[in-house]
Number of protein chains: 4
Amino acid sequence: MNKSVSKDIDKKRKVFEAATRLFAQKGFDKTTVDEIAESAEVAKGTVYYYFKGKEDIFLFLVEEGIAILKTRVTDALQDNQDNTRRALQQLFAVQLGFLHEYQDVCRIVLADVWGISSRQEKLQELLNDYYLVVGTIIEQGIKEGVLYPQNSEVLCTAIFGMTVVVALHFLNKDKPVPWQEIENQLNQLFMRGVVKPV
Amino acid sequence: MNKSVSKDIDKKRKVFEAATRLFAQKGFDKTTVDEIAESAEVAKGTVYYYFKGKEDIFLFLVEEGIAILKTRVTDALQDNQDNTRRALQQLFAVQLGFLHEYQDVCRIVLADVWGISSRQEKLQELLNDYYLVVGTIIEQGIKEGVLYPQNSEVLCTAIFGMTVVVALHFLNKDKPVPWQEIENQLNQLFMRGVVKPV
Amino acid sequence: MNKSVSKDIDKKRKVFEAATRLFAQKGFDKTTVDEIAESAEVAKGTVYYYFKGKEDIFLFLVEEGIAILKTRVTDALQDNQDNTRRALQQLFAVQLGFLHEYQDVCRIVLADVWGISSRQEKLQELLNDYYLVVGTIIEQGIKEGVLYPQNSEVLCTAIFGMTVVVALHFLNKDKPVPWQEIENQLNQLFMRGVVKPV
Amino acid sequence: MNKSVSKDIDKKRKVFEAATRLFAQKGFDKTTVDEIAESAEVAKGTVYYYFKGKEDIFLFLVEEGIAILKTRVTDALQDNQDNTRRALQQLFAVQLGFLHEYQDVCRIVLADVWGISSRQEKLQELLNDYYLVVGTIIEQGIKEGVLYPQNSEVLCTAIFGMTVVVALHFLNKDKPVPWQEIENQLNQLFMRGVVKPV
DNA sequence: CATGAATGAGGCTTCATTCAT
DNA sequence: TATGAATGAAGCCTCATTCAT
């Protein structure tokens, strides 16, 4: 009985994982349900037993992904509530770590967040939720005088954008990603910019 | 004869523009050739008279887009070869301007650039070409001692990522985009970071 | 044990009744086994425990329906063997009463009886059986000189057709069906036609 | 060029005729688009080039069928406006003639007019339209004192029902249908009933 | 040059049925 | 006796592409 229960979860998870892999590789539209089923080693009907449809898998997957990122970031920021400097450093670390672990989900999100279909609307909602979390810590830093005054919306989208694009760029290459170097450099960028003072 | 030639060019351009518009609105896959033809006010066969197929329109469009961006950036950098500080400022201005003017093309490219399948490879090649241009000026700046020493690949992908994601984020909202504010803020980020010195 | 037996019967009946309801509402093909199971408040497997399949439920239901009608008509006719006039009156009364009481079954049967494929053949056989019963009384009436000489096959199918179509027409409207008026009018039609003699 | 035009019409008509045949034989739900295409000797895509979908074919077919019947009946009734007796006789003749020619459409209508899905609603609307035409002549006959006073709605549905069911019953047999005998007998039914006066 | 009728491969989804428990 | 997870055949429909004119 234990076995059957674990098996059930197995099948749903297998579908879920196969879909993530394939969506990241080929995009939502180019991925067929047949491929998902085959890659998950279940019958096509099984996909529909656990999910209402292709769209449903997508949403499930993205929601879960962003939820995890949000949780991690929230936790990290809360642990450093009294130290904005450290909080920002943690932000980079957490985002890069997430990219490392969940690069597939990130690719999916990035590929679909532009455009205007209904699917994207839901996605942007989720992402905006996430920006809010980061925005809060930034505004707090500005109020405390730790950060220069500036538009927090610009800043947190910039942070997200640079982290993600840098990471995905390196992940696309065959060489191992210099995670530590990236993290350090982004931190430096934040601490002093890139242009030396005159 | 003059008339017929201008008409021909007209039809090809109309198809091209309709495709751009639709790809940006609904994505490559969700756009049908029927729609393109209708939106361009030509018969479906005409689309195939001027382009080899849907994919062909896409490539045409993307190549042209990136070529324009590359030209603009190259020009801007060359005009400021002796002043890295100004060159970087111009880089932001040009990138943001391009996003503003060609947001349709940008959406299309960006929606497709993050996967790892075959079509994306072509795209990434084009993008890497572009990174090279930007990388050159950065390395020069480092050598000249104007920029802090750092990995130029990280920096130029970071620049690209932050610009793009910020711009598209604001373009997706209904309000007008605060282009000037964004440009200033990204410049400041580069000049001094965001964290005040202790 | 008593309890379990009564329960069993309960479940089979519940499935049967749910199926009847749904078949009448949405037709055989548009009704799914899932719906039947849900509507009967049993698991899907249970449906297959009691019936060989969807088709089996259908046949069970139709056979039972026609059998009831046949019994009622036979009884009514036998009670009036010596009075053809009354027998015909009873025929209308019984048919209309049956349509009233079993309109679900009637809809199901009637929706399927007019094709010419294999399933319908079985149905038409059952119906022909029924026609025979009615035909007998008519022929007797003719022989006795109570009815005008005529083709009994035409007459009994006409009786069936007019009764059914009239009844279902009114059942499809939202207003209450004027059963008594219909019965009287059909009787009058048989007694004197609708056209006044010149 | 003439040829191509006639060919075009040909293809649409071929689809249309194949669908009619199959719907009548196996019912709407049991008929697949593949079968329609194959039976019409066109590619599956062609079916969708001319019709929006299976439902669309159905509607087209039924609308056309009922429209023809309505026209014929209207014409016949108008030709006998001053003679209700003859008008009724013509009504039987026209209905039976229509059943003879368009038995497929009739089967389809009959099979689908019961039940309550959206498809049927449209159908019942069409049929009610038809009843109205027949109802008018009946009411006129009553007003003129040619017919016995009675509910015209009951009468015209009864006429339709008996005609159709009788005709289809005989068409289902292998023997040739005794059209003349049926027509005469139904006329007699209307002129004097079936029961001799005491 | 330009057209649009015609195609057929391929995608998404539904659902009756089976079977291990 | 009763269940419900799992299946896969089969249906409907879309759409990029071709080709005769």
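Buried area is the accessible area, found with a 1.4 Å probe, that two parts lose on being put together, summed over both. Keep that in mind as you work through this predicted model.

**Exercise 1.** Work out how much area chain D and chain C bury between them, and which residues of chain D supply the most.

*Solution.* Start with the total: the two chains bury about 5,200 Å² between them. Next, look at the atoms: 61% of that area is on carbon and sulfur. Now pick out the top three on chain D: W114(D), Y148(D) and V194(D) supply 16% of the area that chain D buries against chain C, more than any other three residues.

**Exercise 2.** Check whether K173(D) and E153(C) pass the salt-bridge rule, then describe chain D's side of the interface.

*Solution.* The rule wants a Lys or Arg side-chain nitrogen within 4 Å of an Asp or Glu carboxyl oxygen. For K173(D) and E153(C), the closest N and O atoms are 2.4 Å apart, so the pair counts. Across this interface, the rule finds four salt bridges. Then go to the elements: α8(D) gives the largest share of chain D's side, 13 residues. Finally, sort that side by class: you get 29 nonpolar, 13 polar and ten charged residues.

**Exercise 3.** Find which part of DNA strand F the protein meets, and name some contacts.

*Solution.* First, the nearest of the 33 surrounding residues are T46(A), Y49(A), Y50(A), T46(C) and Y50(C). Of the strand's atoms within 4 Å of the protein, sugar and phosphate account for 69%. Now for phosphate oxygens: one is 3.0 Å from a side-chain N or O atom of K54(B), and one is 2.8 Å from a polar side-chain atom of Y48(D). V33(D) uses a backbone N or O atom instead, 2.9 Å from a phosphate oxygen.

Note on methods:
Residues numbered from 1 in each chain as written. Chains lettered and ligands numbered in written order. Predicted model: local features only at pLDDT ≥ 70, side-chain atom pairs only at ≥ 80, totals over all residues. Heavy atoms only, no water. Helix = DSSP H or I, 4+ residues; strand = E, 2+ residues; numbered from the N terminus. Nonpolar A, V, L, I, M, F, W, Y, C, P; charged D, E, K, R; others polar. Near = heavy atom within 4 Å. Polar contact = N/O pair within 3.5 Å; in protein donor to acceptor, adjacent residues only side chain to side chain.
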